[in-house]
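Student: Hi! Could you walk me through this protein model before class?
Tutor: Happy to, let's open it up together.

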Amino acid sequence: MEAIRVLVLVMVVAGIWAAWQRSLFPGTWAHTFHTAHAEDRGLLTQARRQLRTVDRDQGRAEKEAAGQVKAEREKYEQRVDGLEREVALLQEPGRGTELGRLGGLVLYEHAVAASLEGRLLPLHGLRARFDPGDRVHSLYLTKPDGGGDRAKFPHRPDPTADPQDSVRLFDEEELRDFEVRINEAAAQESAFRAGLAEQLARKREELAEARKDTTGLKAAEHSHAEVREHNRSDPRRKEALADLTAARDRWQDLTRRRPPT
């Protein structure tokens, strides 16, 4: 049984190969397979191979040139996009990245979220002040205009609260440390704001220059155009195509059938 399956498989493969050969070398079976016409088949095969080699070389060169254009375009766009994001962040810094949190306070690069509702207090000009209490310590956050917020941090259990309720208690040291962190971040924010206009102007100028600087991209596009033009006028392809045309004409004269390229 296994031998029969192998035989059937061999016959199928042989049939496919024969059909493929018949499509490449149309005519009678003798034209396709007899040794008397081996030279004509060889000439046609060689001409096809020569043209495929030229086309493969040209395709590879054009693909490499197109790849360089793509790489230069991506490089240009990435630089411009990156600078656009930097300019946008300087124009609207937002809250920035998170620097730390304690209780209901969340410290960011440019602001403090000072309540459960997430009300933001800008860091510029903000002042944090620790105030100890009998049962609850406080961190007062004061804005330059006098407004602000108060964050409460219990350090002793509430005697009126249900003992089953679990409430985190804060010690004085971690509150004072967080007070220092807020004031340091506020000082850094003030320095950032002081140089913001100059930094923004410089970054906008850098963005304008980046948008105009298409030297690398234009060079790659020019090289790609040169490769395509060279491929169109490449004498090797003209010669290979002429050889293949002659071989096909010879085969047609022999068989009255036009073989494919």
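What follows is a chat about helix packing, salt bridges and a nonpolar core.

Tutor: One thing before we start: this is a predicted model.

Student: Got it. Can we begin with helices? How do people describe two that pack together?
Tutor: Two packed helices are described by the angle between their axes and the distance between those axes.

Student: Okay, so at what angle do α3 and α7 cross?
Tutor: Helix α3 covers residues 38-91 and helix α7 covers residues 235-255; their axes cross at roughly 155° and come within 9 Å. Angles over 145 degrees count as roughly antiparallel, so α3 is roughly antiparallel to α7.

Student: And which residue types make up the contact of α3 with α7?
Tutor: The residues there divide into 11 nonpolar, 11 charged and 2 polar.

Student: Is the crossing of α3 and α7 left-handed or right-handed?
Tutor: The crossing of α3 and α7 is left-handed.

Student: What about α3 and α6, how do their axes cross?
Tutor: Helix α6 is residues 215-233, and its axis comes within 8 Å of the α3 axis, with a crossing of roughly 165°. These two helices are therefore roughly antiparallel to each other. The crossing of α3 and α6 is left-handed.

Student: Switching topic: charges! Why would side chains pair up at all?
Tutor: Side chains of opposite charge can pair when their charged atoms come close.

Student: How many salt bridges does the model have?
Tutor: The count comes to 21 salt bridges.

Student: Can you show me one in a helix?
Tutor: Sure, try Glu 198 and Arg 202, whose side chains meet in a salt bridge at 3.8 Å, N to O. Both sit in helix α5 (residues 196-212), and being 4 residues apart, they are separated by about one helical turn.

Student: Are Glu 198 and Arg 202 buried or exposed?
Tutor: Glu 198 is exposed, with a relative accessible area of 59%, while Arg 202 counts as partly exposed at 47%.

Student: Any other pair in α5?
Tutor: Yes, Glu 206 and Lys 203 form a salt bridge at 3.4 Å, N to O. They lie 3 residues apart in α5, about one turn of the helix. Glu 206 is partly exposed at 28% relative accessible area, but Lys 203 is buried at 16%.

Student: Huh, why does Lys 203 count as buried?
Tutor: Buried means under 20% relative accessible area, so Lys 203, at 16%, counts as buried.

Student: And how far apart are the closest N and O atoms of Glu 98 and Arg 101?
Tutor: They are 3.0 Å apart, and the two residues form a salt bridge. Glu 98 is partly exposed at 41%, and Arg 101 is exposed at 52%.

Student: Which residues are linked in a network of salt bridges?
Tutor: Asp 57, Arg 60, Asp 234 and Arg 236 are linked that way.

Student: Last topic: which residues of the largest nonpolar core touch the most other members?
Tutor: The core has 20 residues, and those with the most contacts to other members are Leu 105, Val 112, Leu 123, Leu 141, Phe 153 and Ile 182. At least two residues each come from β2 (105-108), β5 (127-131), β6 (136-142), β7 (148-154) and α4 (172-194). Helix α4 gives the most to this core, with 5 residues.

Student: One more, where is Gly 104 found?
Tutor: Gly 104 is in the loop between β1 (98-102) and β2, and it is partly exposed at 34%. Its C-alpha atom is 7.0 Å from that of Ala 151, a residue 47 residues apart from it along the chain.

Definitions and conventions. Residues are numbered from 1 along each chain as its sequence is written. This is a predicted model: local features need pLDDT of at least 70, side-chain atom pairs count only at pLDDT 80 or more; totals for chains, interfaces and linings use all residues. Side-chain values use heavy atoms; hydrogens and water are left out. Axes are lines fitted to C-alpha atoms, for helices over the stretch in contact, and angles run from 0 to 180 degrees between N-to-C directions. Angles under 35 degrees count as roughly parallel, over 145 as roughly antiparallel, 65 to 115 as roughly perpendicular and the rest as oblique. A crossing is left-handed if the near helix is turned anticlockwise from the far one by less than a right angle, and right-handed if clockwise. Ala, Val, Leu, Ile, Met, Phe, Trp, Tyr, Cys and Pro count as nonpolar, Asp, Glu, Lys and Arg as charged, and the others, Gly among them, as polar. A salt bridge is a side-chain nitrogen of Lys or Arg within 4 Å of a carboxyl oxygen of Asp or Glu. Buried means under 20% relative accessible area, exposed over 50%, partly exposed in between (1.4 Å probe, protein chains only). A nonpolar core is a set of buried Ala, Val, Leu, Ile, Met, Phe, Trp, Tyr and Cys residues joined through side-chain atoms within 4.5 Å.
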